Protein chains: 4
Amino acid sequence: MRADAARNRARVLRVAREQLAAGDDSLQLNTIARLAGVGVGTVYRHFPNRHALLEALSAERFQQLVDEARAAAAAEDALAGLHRMLRFSLARALDDPGFAAVLESSGDSEARTSVMKAELDGAVTELLDRARRSGAIRGDIEADDLRRLICGIQHAVRSGDGTSRYAELYLDVLIEGLRPAR
Amino acid sequence: MRADAARNRARVLRVAREQLAAGDDSLQLNTIARLAGVGVGTVYRHFPNRHALLEALSAERFQQLVDEARAAAAAEDALAGLHRMLRFSLARALDDPGFAAVLESSGDSEARTSVMKAELDGAVTELLDRARRSGAIRGDIEADDLRRLICGIQHAVRSGDGTSRYAELYLDVLIEGLRPAR
Amino acid sequence: MRADAARNRARVLRVAREQLAAGDDSLQLNTIARLAGVGVGTVYRHFPNRHALLEALSAERFQQLVDEARAAAAAEDALAGLHRMLRFSLARALDDPGFAAVLESSGDSEARTSVMKAELDGAVTELLDRARRSGAIRGDIEADDLRRLICGIQHAVRSGDGTSRYAELYLDVLIEGLRPAR
Amino acid sequence: MRADAARNRARVLRVAREQLAAGDDSLQLNTIARLAGVGVGTVYRHFPNRHALLEALSAERFQQLVDEARAAAAAEDALAGLHRMLRFSLARALDDPGFAAVLESSGDSEARTSVMKAELDGAVTELLDRARRSGAIRGDIEADDLRRLICGIQHAVRSGDGTSRYAELYLDVLIEGLRPAR
DNA sequence: AATGAATGAGGGTTCATTCAT
DNA sequence: GATGAATGAACCCTCATTCAT
């Protein structure tokens with residue numbers, strides 16, 4: 001990729017991220033192009049449609065999650081690692097509703113997304129298995145369930161006032177609910 | 001209300017319900033008018049905006065929930081009543097995503113909705129209080145939290161394949177998470 | 001006319017006048033009906049269309065103008081009477097742009113309007129003739145020209161800030177312009 | 001500006017001018033787009049609203065007026081220049097009611113219009129000042145008053161049959177009215 | 001590779017007028 | 001006579017996407 005092309009791509013991604021963070025989830029490509037100081041055509045060259053842009057935006061966050069999951073999997077205490085992982089995921093999903101949408105979706109339009117999702121689920125499955133072996137986690141919940149549940153929690157938090165008070169509380173409900181039945 | 005007005009209103013509501021059930025949540029007033037065989041103006045007369053229509057659609061389901069909550073509150077066992085109530089709420093929210101949207105929203109545009117929400121929360125609060133006194137429910141969760149959490153669970157179930165297998169599982173996670181910390 | 005019909009007609013006229021006075025010249029029959037506390041159908045029964053309402057509104061003012069013109073024609077000093085008449089006409093036209101529209105229009109849709117216009121022009125013609133005989137007014141201006149010129153002045157005043165400063169000034173320009181050429 | 005953009009802009013302006021000339025002052029952007037053979041979006045890109053289009057239409061005529069006013073100001077006889085200027089303005093306003101609307105309006109939406117208006121008023125003020133010094137014009141009338149009065153006269157002429165007989169006559173009334181009081 | 005003007009389907013909403021009640 | 005619900009043409013404007021420059 002030419003240097004200017006790469007720079008433009010990065011600009012577009014940055015602006016798109018800022019827009020989402022500012023609460024505008026319409027992600028209008030014309031607007032993004034203007035704010036990024038490039039033509040619309042350039043945006044379309046890099047991202048054939050809105051969804052491709054969303055997925056590209058998610059890729060970076062996905063990588064963070066994978067890294068976090070692997071770090072957690074490498075830690076001594078699997079349960080603590082899992083909790084850390086869940087808290088981290090929720091925070092990222094709250095940061096970026098677009099990312100949450102990709103995280104919970106089952107049909108990805110870019111192969112890369114599916115790959116990262118598989119990697120994430122793989123790392124989380126390891127964590128879950130270890131935590132389960134020590135009796136800390138119920139047996140009927142899998143990595144993809146956790147992805148969906150975290151997004152559900154994100155949804156609930158967002159429909160309140162979105163403050164961390166709700167995030168902590170609802171996350172705690174989830175965490176308690178993951179224990180084996182008494 | 002005049003007979004023809006009532007008939008048109010009912011038609012519009014029926015069509016809107018069908019649209020939502022068919023997975024189209026755009027709820028376009030022109031489209032609905034056409035399908036209902038009435039003029040657009042008629043739709044606008046009855047429902048000044050999309051949200052008003054959504055709320056009207058929800059009113060009936062809301063009443064069901066209020067009835068259920070009161071029945072549960074009247075029952076002997078508060079915890080069992082609460083669980084029944086949660087299961088019922090989740091089922092209704094899964095039936096109708098529009099209803100879920102109104103259920104979790106904090107800003108209602110029709111006073112009637114707020115009234116019903118308050119009635120619902122009142123009945124659930126009674127249930128919660130009784131269940132709490134018997135030590136079965138954690139102390140930091142209120143009726144509005146439950147509304148949001150159920151909608152979050154609905155969201156998670158829907159992002160899976162929406163089958164009752166997920167509904168049962170995720171609901172159980174929520175229910176377990178509502179117990180007092182061990 | 002039945003008493004209630006007359007009462008409704010009067011109400012509609014009153015509300016329409018208030019609307020115009022408030023600067024809303026859209027004269028929406030639905031709005032007027034609502035404000036008057038009658039059904040739209042009732043408004044339509046009395047006034048088949050917007051224009052009919054406008055003309056009805058003008059009738060009363062027209063009568064005032066005719067009265068004023070006759071009073072002026074009866075006075076000793078024709079020129080002073082004419083000036084008084086012009087000032088009065090301008091004030092009424094500024095009060096009510098709808099009236100100004102009827103006043104300047106050449107095609108009336110109600111016979112009654114044409115009759116009053118003829119009466120007005122008749123009285124003004126008398127004034128003009130007398131003033132002309134004493135050499136105070138140029139010979140090439142007729143009553144209908146005066147109607148149009150007053151409405152033109154009203155237009156000019158309105159496009160300024162509409163204050164009486166402009167009204168006085170522009171009226172004075174007109175009055176001076178009506179003298180015989182030097 | 002790109003060649004095609006300029007071509008489209010010109011087409012839109014031409015069609016709009018034709019519409020106005022044909023007596024349709026509604027200036028509907030969809031209609032204009034269709035007649036101009038361009039998409040609605042193109043019209044909106046060039047002219048965000050009706051008024052912007054009107055002002056653009058007026059720009060050319062405005063320039064003519066400014067030129068005329070300057071030519072008149074350069075002439076020997078200020079009064080003759082002023083009269084020529086008034087006659088010219090009235091003719092342009094009668095040609096194009098849209099232009100008249102912009103000419104008399106006090107709130108411009110495009111800076112360019114305000115600039116041209118200021119230029120026009122500046123040139124006319126010079127004329128007025130010179131004519132006043134020779135005692136030919138009353139002292140209480142300014143350039144903006146003249147703009148409004150000309151538009152008022154245009155209004156009056158138009159409400160007659162619009163022929164030049166009225167134009168000449170009413171303009172003469174105005175011109176006579178601008179002399180100092182006897 | 002970049003640009004941004006153009007497109008036009010598509011959705012929104014209003015309101016003069018009719019007509020069933 | 002009165003009512004006001006219903007009508008639907010008509011207008012508004014946006015924005016995802018294409019393609020000439």
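Which helices each supply at least two residues of the surface near DNA strand E? I started there, in what is a predicted model.

**Entry: DNA strand E**

I went through the chains in turn. Chain A supplies helix 1 (3-21) and helix 3 (40-46). Chain D likewise supplies helix 1 (3-21) and helix 3 (40-46). From chain B I noted helix 2 (29-36) and helix 3 (40-46). Chain C also gives helix 2 (29-36) and helix 3 (40-46).

Next I looked up the residues. There are 32 residues around DNA strand E. Those that come nearest are Thr42(A), Gln28(B), Tyr44(B), Thr42(D) and Arg45(D). I then checked which part of the strand is approached. Sugar and phosphate make up 64% of the atoms of DNA strand E that come within 4 Å of the protein. By class I have twelve nonpolar, 15 polar and five charged residues on the surface near DNA strand E.

I picked out three individual atom pairs. A polar backbone atom of Val40(A) is 3.2 Å from a base nitrogen of DNA strand E. For Asn30(C), a side-chain N or O atom is 3.0 Å from a base nitrogen of the strand. At Gly39(D) the partner is a phosphate oxygen, 2.8 Å from a polar backbone atom.

**Entry: chain A against chain B**

I turned to the protein contacts. Here 30 residues from chain A meet 29 residues from chain B. The two chains bury about 2,600 Å² between them, with 51% of it on carbon and sulfur atoms. Which three residues supply 26% of the area that chain A buries against chain B? I found Arg148(A), Val173(A) and Arg182(A), which supply more than any other three residues.

I counted four salt bridges across this interface. One of them joins the side chains of Arg138(A) and Asp172(B) at 2.6 Å, N to O. Helix 8 (143-159) and helix 9 (164-177) of chain A each give two or more residues to the side that touches chain B. Helix 8 of chain A has the largest share, ten residues. By class, that side of chain A has 13 nonpolar, six polar and eleven charged residues.

**Entry: chain D against chain C**

I repeated the look-up here. Chain D puts 29 residues in contact with 30 residues of chain C. The buried area is about 2,600 Å², and carbon and sulfur atoms give 51% of it. Arg148(D), Val173(D) and Arg182(D) supply 26% of the area that chain D buries against chain C.

I again noted four salt bridges, between chain D and chain C. In one, Arg165(D) meets Asp145(C) at 3.9 Å, N to O. The residues on the chain D side divide into 13 nonpolar, six polar and ten charged.

Conventions
Residues are numbered from 1 along each chain as its sequence is written. Chains are lettered from A and ligands numbered from 1 in the order in which they are written. This is a predicted model: local features need pLDDT of at least 70, side-chain atom pairs count only at pLDDT 80 or more; totals for chains, interfaces and linings use all residues. Side-chain values use heavy atoms; hydrogens and water are left out. A residue is near a molecule or strand if one of its heavy atoms lies within 4 Å of it. A polar contact is a pair of N or O atoms within 3.5 Å; within protein, one must be able to donate a hydrogen and the other to accept it, and residues adjacent in sequence count only if both atoms are side-chain atoms. Helices (H or I, at least four residues) and strands (E, at least two) are DSSP runs, numbered from the N terminus. Ala, Val, Leu, Ile, Met, Phe, Trp, Tyr, Cys and Pro count as nonpolar, Asp, Glu, Lys and Arg as charged, and the others, Gly among them, as polar. Contact means heavy atoms within 4.5 Å. Buried area is the accessible area (1.4 Å probe) that two parts lose on being put together, summed over both.
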